[in-house]
Every structure is written in structure tokens, then in C-alpha cells.
Amino acid sequence: MTPASDSRRDASPSFNATGSKRARRPLLESVLLCACLLAAGCATRPPPPPSIPYTPLSAGQSDDIAIHAMGLVGTPYRYGGNTPEGGFDCSGLIGYVYRGSVGTAPPRTVAALSRFGQPVSASDLRVGDLVLFGGNPPSHAGIYVGDGRFVHAPSTGGEVRLDRLDGIYWSRQRLEVRRP
């Protein structure tokens, strides 16, 4: 090497033992590895929540549920409501009917209702099944009462009513069916 090349080498940045390029490389690799592992962990979906336990309903219990639900048609809607005197929201209506008809207390929220019972194909609907509408998780629920109809508490200012699954609005919604 010539003296001129030695001076160029000395002009390059120099680091002490704790800040040398070689000492920084394993640290940089470790940081990059941790970042990749974190990104991969964030990209995976968490496992689905477990199903909520239930006791399958008899045909007689399913009929009792439908009759009880239809008897509440006309009750005012009230967000958070779960009694005929105070009004109902959709999950409050379902809870009231199921507790009164079969002594089963289903979950209080529509999202939790989507894990209650077992999933059923819409083509296999039967009286007493829960019909849930919307995305994932669903945002609205009702009780199927037969002949393509369901009872639900639709919205503020409304009241519990009987609607058709094949109606203009409901037929366009994503439908999920759960059988307790």
C-alpha cells in the first residue's frame, strides 16, 4: 500500500470497539428480525372465540318461542331495553323471549349471539332459530317464526315488528342463522 492510500483509509469514519461497524451489525440484524416477527404476528388472525354453550330446543320449545315473540309485536323499541314495560332492542327482545319461554338466557349482544347455538343453513331454517344480519360480527338479530317471517326490534322510534326475510331490505342483507 502507498502512503496516500493509508491516509484515505484513515480518513474514513472510525468507530471505537463499542460503536464499530462489526458490533452494530448483530444489533441491526436482531432489530430487523424482531420487526419481521412482530409484523408476522400482527398479520395472523386470532383464533375465533369459542361457541357459547346451549341446550338444543325441542319442537315444542321452538313453537313457544315463536308465539311469545309474536305476542310482543307493537312493543316500543328502546336501546338497551329488555322488558315489555321499558321497550326492547333486538338482543333484549331475544333474551326476554328465550328466558320466558324456555328458561335459557342467551348472550346479551348481537356479536355474542353469533356464537350462540350452532350455525344452520338458511335453507334449513325452523321456528325459534335466530336470524342475524350484517357483517362480521352481525349488527342486528331477530327470531324466526315460520313462513319466511321473523320478529325483531328494528330501530329507535320504531317498535317490535314482524317482517319477511324476502322483503326488499332484509333480502339484501348478509344473513346468518343460529340454532340454540
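Biologist: So buried means under 20% relative accessible area, exposed means over 50%, and partly exposed is in between, using a 1.4 Å probe and protein chains only. Are phenylalanine 133 and tryptophan 170 buried or exposed?

Modeller: Phenylalanine 133 and tryptophan 170 are both buried. Keep in mind that this is a predicted model, where local features need pLDDT of at least 70, side-chain atom pairs count only at pLDDT 80 or more, and totals for chains, interfaces and linings use all residues. Residues are numbered from 1 along each chain as its sequence is written, and side-chain values use heavy atoms, with hydrogens and water left out.

Biologist: Cool. How many aromatic pairs are there in the whole structure?

Modeller: Searching the whole structure turns up five aromatic pairs. Rings of Phe, Tyr and Trp (its six-membered ring) pair if their centres lie within 6.5 Å; planes under 30 degrees apart are stacked, over 60 edge-to-face, the rest tilted. One of the pairs is phenylalanine 88 with tyrosine 96, which is tilted, at 5.3 Å centre to centre and 55° between the planes.

Biologist: Where do those two sit, buried or exposed?

Modeller: Phenylalanine 88 has a relative accessible area of 0%, so it's buried. Tyrosine 96 has 28%, so that one is partly exposed.

Biologist: And why is the pair of phenylalanine 133 and tryptophan 170 called tilted?

Modeller: Because their planes are at 50°, with the ring centres 4.6 Å apart. That pair links distant parts of the chain, 37 residues apart: phenylalanine 133 is in strand 4 (residues 130-133), and tryptophan 170 is in the loop between strand 7 (161-164) and strand 8. Helices (H or I, at least four residues) and strands (E, at least two) are DSSP runs, numbered from the N terminus.

Biologist: Which residues do ring pairs link into a cluster?

Modeller: Phe133, Phe150, Tyr169 and Trp170.

Biologist: New topic: helix 4. How many of its residues are buried?

Modeller: 10 of the 13, so helix 4 is mostly covered. Among the buried ones are Cys90, Leu93, Ile94, Val97 and Tyr98.

Biologist: What span should helix 4 have?

Modeller: The expected span is 1.5 Å times one less than the number of residues. For residues 90-102 that should be 18 Å, and the end C-alpha atoms are 18 Å apart, so it agrees. Just after helix 4, glycine 103 has a positive phi of about 75°.

Biologist: Last one: where's proline 180?

Modeller: Proline 180 is in the segment after strand 8 (175-179). At 3% relative accessibility, it counts as buried. Its C-alpha atom is 4.0 Å from that of glycine 117, although the two residues are 63 apart along the chain.
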